[in-house]
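Grab a pencil and keep the 3D view open while you work through these exercises. Try each task yourself before you read its solution.

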Amino acid sequence: MNTTAQVLEKNKERILEKWMQNQLSDASLRDDLMTTDELQRQSREMLDGLLRAVAKGNYDNIYDTEFEQVTDTLRDISITRARQGFSPRETGAYVLSLKQSVIEVLVEQRKDDTSMLYQEIMQLNNLLDNLSILTFETFIKGREEVILRQTDEISEISTPVIRVWDGILALPIIGTLDSARTQVVMENLLQEIVNTGSNIAILDISGVPAVDSLVAQHLIKTVSATRLMGAECIISGIRAEIAQTIVHLGIDLSNIKTKASLASALHLAFSMTNLEVRRTERSKAPKLTR
Amino acid sequence: MIVMTKDTMEIVREQDVVPFRNRVREFGTRIGMSLVNQTKLITAASELVRNMLKYANGGKVILEIISNNAKTGVRLTFKDQGPGIADVAMAMRDGFSTGRSLGLGLPGAKRLVNEFDLKSNPGEGTTVTVIHWKNGR
């Protein structure tokens, strides 16, 4: 009587064929993400590794060395699929359809020995279940990496300091102003004041969803620091509901120049620097000559 | 008083503040609260949740939509197991802070909402309950 490993080894091509059929017949297979050839190559590699491990008689511990190749391949597949945007179902179906193929082949080969078949199926079931758990773990890890990368990207979007006019800087703040963010904002602003020799900075908080006392405290600190540098600060973008909230909270912003919109803040900045914006009359405008 | 919707959120990190505020906004929008009242409630919630994080290392918040004699509102209950507040009367005073902040969190939050209740046992924790009605009255 052949051992399980021998039976499987002898029928390797059939298992692979059935497995490929199973995978390809799955309506959810994304042939746009991976070619059939690639899938075949990947599946063969995986099956080879698995059979080699089974030949050693290990059905229990997938973390043993003989499974290294299988688990490595599997991890690789899951991570790649997670990044490529496969769904968990598609990724999980990969291993689970292998189980189905292996069992189908075993049933064919062991028609006359059901007790042996039962035992083999139990063992393989256990083994492939462990492998599918590994697949999911890795898949989720792959997704988490994507999330972490996005988090990094978001925090890297630092607040830009814009030079709107000679001597006038504008700083649009978008999102929540926490301590770490304030530090970045303040550093950028103060550095830019030094670089450009500006004497007016406009902090626009139109994009800050909620102004509580912590945010206000951070704003006040930024304004004080700007003043120490000899520049004046205007806070713009105070919406009606924010104004009411600030009053109820009892935050005193009376010695800070505030404006409802960036446009009116710029207007104020112009008048503080004795600049004037005027409409020119068409008739008086110099004619363009070619 | 009837509770119509109930939800609980655990607050353990600073990153939990923004999703929590959005949840409060969602509750406000659901009962048709005006923008000003929503902002008031969110700001008060933000103050209280920051206190919870800063002084008690977090806690949990129960969000509820409540109804009382044809009045609808949002009730938020902030529960923590922090050190508690030694002198509540002092803590409710403008400009008093043990943590080098503006000292406007608690008294400000009280002014922003319709009903405010603070219970604190030193060593056991603090529970703050606020209610803001749909029309802000």
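**Exercise 1. Find the residue opposite B:Asn68 in β3(B), then work out how β2(B) and β3(B) are joined.**

Solution. Keep in mind that you're looking at a predicted model.

Step 1: Look across from B:Asn68, and you meet B:Lys71 in β3(B).

Step 2: Now try another pair. B:Ile66 has B:Gly73 as its bridge partner in β3(B).

Step 3: Zoom out to the whole strands. β2 covers residues 59-68 of chain B and β3 covers residues 71-80, and the two run antiparallel with 10 bridges joining them.

Step 4: Check the link. The two strands make a hairpin with two residues between them. In that turn, B:Asn69 has a positive phi of about 45°.

**Exercise 2. Work out the strand order of the open sheet in chain B, and say which strands are at its edges.**

Solution.

Step 1: Start with β1(B) and β2(B). They run antiparallel and are joined by nine bridges. For one spot to look at, B:Thr5 stands opposite B:Ile65 in β2(B).

Step 2: Keep walking from strand to strand. The order comes out as β1-β2-β3-β5-β4, five strands in an open sheet with antiparallel pairing. If you're wondering what holds such neighbours together, strands of a sheet pair through backbone hydrogen bonds.

Step 3: Look for strands that pair on one side only. Those are the edge strands, β1 (2-11) and β4 (115-121) of chain B.

Step 4: Compare directions. With direction ignored, neighbouring strands here are turned by 15° against each other on average.

Step 5: See what lies across the sheet. Helix α1 (residues 17-30) of chain B crosses β1, β2 and β3 of chain B, and runs at about 5° to β2(B).

Step 6: Put the chain together. Chain B has four helices and five strands, and along the sequence they follow the pattern β-α-α-β-β-α-α-β-β.

**Exercise 3. Two residues of chain B, B:Asn57 and B:Arg100, have a positive phi without being glycine. Where do they sit, and how exposed is each?**

Solution.

Step 1: Take B:Asn57, with its phi near 60°. You'll find this residue in the loop between α2 (35-56) and β2 of chain B.

Step 2: Count neighbours. B:Asn57 has 14 C-beta neighbours inside 10 Å, so it counts as partly exposed.

Step 3: Move to B:Arg100, whose phi is about 55°. This one is in the loop between α3 (88-91) and α4 (105-112) of chain B.

Step 4: Count again. B:Arg100 has 7 C-beta neighbours inside 10 Å, so it counts as exposed. The cut-off for exposed is 12 or fewer.

**Exercise 4. Decide which residues of helix α3 of chain A are buried, and why they end up on the same side.**

Solution.

Step 1: Get the helix in view. It covers residues 36-55, which is 20 residues, and reaches 28 Å from its first C-alpha to its last, close to the 28 Å expected.

Step 2: List the buried residues: A:Ser43, A:Met46, A:Leu47, A:Leu50, A:Ala53 and A:Val54.

Step 3: Look down the axis. These residues cover an arc of only 125°, which puts them on the same side of α3(A). The general rule helps: an α-helix has 3.6 residues a turn, so residues three or four places apart point the same way.

Step 4: Check the other side. There, A:Asp37, A:Glu38 and A:Arg41 are exposed.

Step 5: Ask what does the covering. It includes α1 (4-10), α2 (12-25) and α4 (68-84) of chain A.

Step 6: Step off the end of the helix. Just after α3(A), A:Gly57 takes a positive phi of about 80°.

**Exercise 5. Describe the side of chain A that touches chain B.**

Solution.

Step 1: Count the residues. 16 residues of chain A are in contact with 21 residues of chain B.

Step 2: Find the elements that give two or more residues to this side of chain A. They are α8 (213-228) and α9 (240-249) of chain A, and α9(A) gives the most, with six residues.

Step 3: Sort the residues of this side by type. You get six nonpolar, seven polar and three charged.

Notes: Residues are numbered from 1 along each chain as its sequence is written. Chains are lettered from A and ligands numbered from 1 in the order in which they are written. This is a predicted model: local features need pLDDT of at least 70, side-chain atom pairs count only at pLDDT 80 or more; totals for chains, interfaces and linings use all residues. The expected span of a helix is 1.5 Å times one less than its number of residues. A residue is buried if 20 or more other C-beta atoms lie within 10 Å of its own, exposed if 12 or fewer, and partly exposed in between; C-beta atoms are placed from the backbone. The arc is that of the directions from the helix axis to the C-beta atoms. Two residues are in contact if their C-beta atoms, placed from the backbone, lie within 7 Å. Ala, Val, Leu, Ile, Met, Phe, Trp, Tyr, Cys and Pro count as nonpolar, Asp, Glu, Lys and Arg as charged, and the others, Gly among them, as polar. Two strands pair if DSSP finds at least two bridges between them. Axes are lines fitted to C-alpha atoms, for helices over the stretch in contact, and angles run from 0 to 180 degrees between N-to-C directions.
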